[in-house]
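Q: Could you take me through one sheet of this model up close, and then show me what lies around it?

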Amino acid sequence: MPRRSKGADAPIAVSEGAGGVLIAPEGAIDAESIGRVRETLERKLPSRLAGAVTLDFSKVTHLDASGVSVAVFLFRLAKGAGVGFEITGADKDRRLLIDLALRGQEPQEPAKAPGFVREVGAASIAIRDGVVDLVRFIGEIALVCVHLVRYPQHLRVGDTIAAMARHGSDAIAVVGLLGFLIGAIIAFQTFDPMAKYGAKLQVADVVAVSVVRELGPLITAIILAGRSGSAFAAEIGTMKVTQELDALRTFGIDPVRFLVIPRLIATTVVTPMLAIWASILGVAGGYMILGAEGFTLAQYTDEVRQALTVGGFVQGLVKAAVFAILVASIGCLSGLRTGQGPGAVGLSTTRAVVAGIVAIILADSVLGAFFYTLGI
Amino acid sequence: MPAPSAPAPRPTARETAISLRGVSIGYDRPIIEGIDLDILKGEILFIGGGSGCGKTTLLSCLTALRKPLAGSITIDGVDIVDSDDDAIRSVRRRFGVMYQLGALFGGKTLLENVRLPLEEFTDLPDDVMDDVARAKLGLVGLGAHALKQPSEISGGMQKRAAIARALALDPPIIFLDEPSAGLDPVTSADLDAMIEALNRMLGTTFVIISHELASIFAIGQRFAMLDGARRKLVALGAPAELRDHSDDEWVRRFLNRVPTQES
């Protein structure tokens, strides 16, 4: 095992002549001695190499694969100084080892760091490419949807139902729990301020409106991005890395129809349902606080009924469906655009979640403004 | 006048590096049973057999990643089947492993991959570690790719980088799982030459799982053949000897590359 050996200098003769520097180590150059050999060598070498470097192995009794690194060190040093490098005194086996080790060891120019302007430009191009890619992908999905309307038998119904189960019913517990807690938290945080105006019961309005119109769909979509968007990216990304997507294409099967559409339909169907579920439990969570303050269930439900409108309910459903389409599209697109290498799937998954959540919030803002303009 | 190569730590011929006694390998049920095998110090041993005959499972047992269903495996006198974790960790420093798909760490350059064992187990200065890692990469023909990420190189190159990483600490035993698969013939021959040179000069023991007949005959000193159908080790000997004179028809067919329908 290579180690830094402490103690006396390694026996290395370094002599400078008209032809350059001759370096003649003695004894073993191996994993055990490599640290000491390098220390000694670096101390004895001239500060500036004026001529060729010759490494003489004739007095070396033992050389291993770590010991060969001395030749690599001197070779790179010589090439960096623009002088020649030569090995002498090595028999056939050593020569082979050294020659193999020296292949491609010329010092390389370090890659120049791109300037600020270039970095900004590259980032802008990457953003533009990403947007173009997303638009193109949505176009691909639209084309496949048109195809499926004409040939509905091409829809993979089994896969779609399986995706509904995995990304819908399996999320019921977590969505319900978060919805309930959000409702309770809103009621808890607004109770005192509302009480100052004598509007304790109107906390029910606040809970109902915010949960049904806004927070129910939002919480559901964020959970969807974390659970399903990441899963889509990881599943499809792994298929890309293992060439399963190539296999599909060579069979003439469109990966968008085969993989994306079932997931997209499944999430678009189940997410509004989950949002309703989150809203119901959110309203129930609100009652937990108001009930503790002495209001009856009848008072609470009457207030909630007055606060809710059909428009508000529809608004929540539309938002949930739009969020689902965004999360599923971004997750699947990230998977399809997965690069090569072990870290690629992880990167795709991260991108799917982050981009999914950003898209949800942006869409929520746009939809909020849209419904406000419509007076809903 | 060149110095004669290495009064190296080349062992006397019959010392045993790894000893298997009555080893059965498998998962729910045995794939191969009753393996008795002594892997000798300083030899190049190929382990081969048909697909699914348990070669890679055997490698997992030899590298203490999996326990055999029965029997004992001893490496340098330590029984790795019954030892505690500390003893196994210590034995693991005595061998390097190249896995079938390379198993390089993503997000690290090739140089950093090879440096990693040096950083963990040596106190060498940074620049020396760099040069040792560069030398190991050079040995497998990747000197010019030291600063690339595994994702930037081909599968064959990843395998070679994994061999360089297995060599990082100059272990006396190196296990290679299908090293030549996916490599072009010239690179494969270079790899064989490198293995043979390391073996000859340093006495490194190589245990190689491979189907590659060209490599087996070029550098294999012994060949151990597993047969999944009969669930046993069916042959052990010099590859050419087994090819030409084995009593076992399946062994001859395998080493002569004879299709089933001609048997």
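A: Happily! Let's begin with a pair of residues: G96(B) stands opposite I174(B), which belongs to β7(B). This is a predicted model, so please read what follows in that light. The two strands involved, β6(B) and β7 (residues 173-177) of chain B, run parallel to each other and are joined over four bridges. In general, strands of a sheet pair through backbone hydrogen bonds, either parallel or antiparallel.

Stepping back, this pair belongs to an open sheet of six strands in chain B, ordered β6-β7-β8-β3-β9-β10, and the pairing across the sheet is mixed. At its edges are β6 (95-98) and β10 (232-237) of chain B, each of which pairs on one side only. From one strand to the next, the twist averages 15°. Helix α5 (residues 155-166) of chain B packs on the sheet, where it touches β6 and β7 of chain B; the direction of α5 makes about 170° with that of β6(B).

Now for the neighbouring chain. In chain B, 41 residues are in contact with 41 residues of chain A. On the chain B side, the elements that give two or more residues are α3 (110-121), α4 (126-139) and α6 (185-202). Of these, α4(B) gives the most, with eight residues. By type, this side of chain B divides into 25 nonpolar, nine polar and seven charged residues.

Finally, the nonpolar interior. The largest nonpolar core has 112 residues, and those with the most contacts inside it are A71(A), A101(A) and L137(B). Among the residues that A71(A) touches are L55(A), I87(A) and I98(A). A second, separate core has 61 residues, including A208(A) and I223(A).

Conventions: Residues are numbered from 1 along each chain as its sequence is written. Chains are lettered from A and ligands numbered from 1 in the order in which they are written. This is a predicted model: local features need pLDDT of at least 70, side-chain atom pairs count only at pLDDT 80 or more; totals for chains, interfaces and linings use all residues. Two residues are in contact if their C-beta atoms, placed from the backbone, lie within 7 Å. Ala, Val, Leu, Ile, Met, Phe, Trp, Tyr, Cys and Pro count as nonpolar, Asp, Glu, Lys and Arg as charged, and the others, Gly among them, as polar. A nonpolar core is a set of buried Ala, Val, Leu, Ile, Met, Phe, Trp, Tyr and Cys residues joined through C-beta atoms within 7 Å. A residue is buried if 20 or more other C-beta atoms lie within 10 Å of its own, exposed if 12 or fewer, and partly exposed in between; C-beta atoms are placed from the backbone. Two strands pair if DSSP finds at least two bridges between them. Axes are lines fitted to C-alpha atoms, for helices over the stretch in contact, and angles run from 0 to 180 degrees between N-to-C directions. Lists of a residue's contacts leave out its neighbours within four places in sequence.
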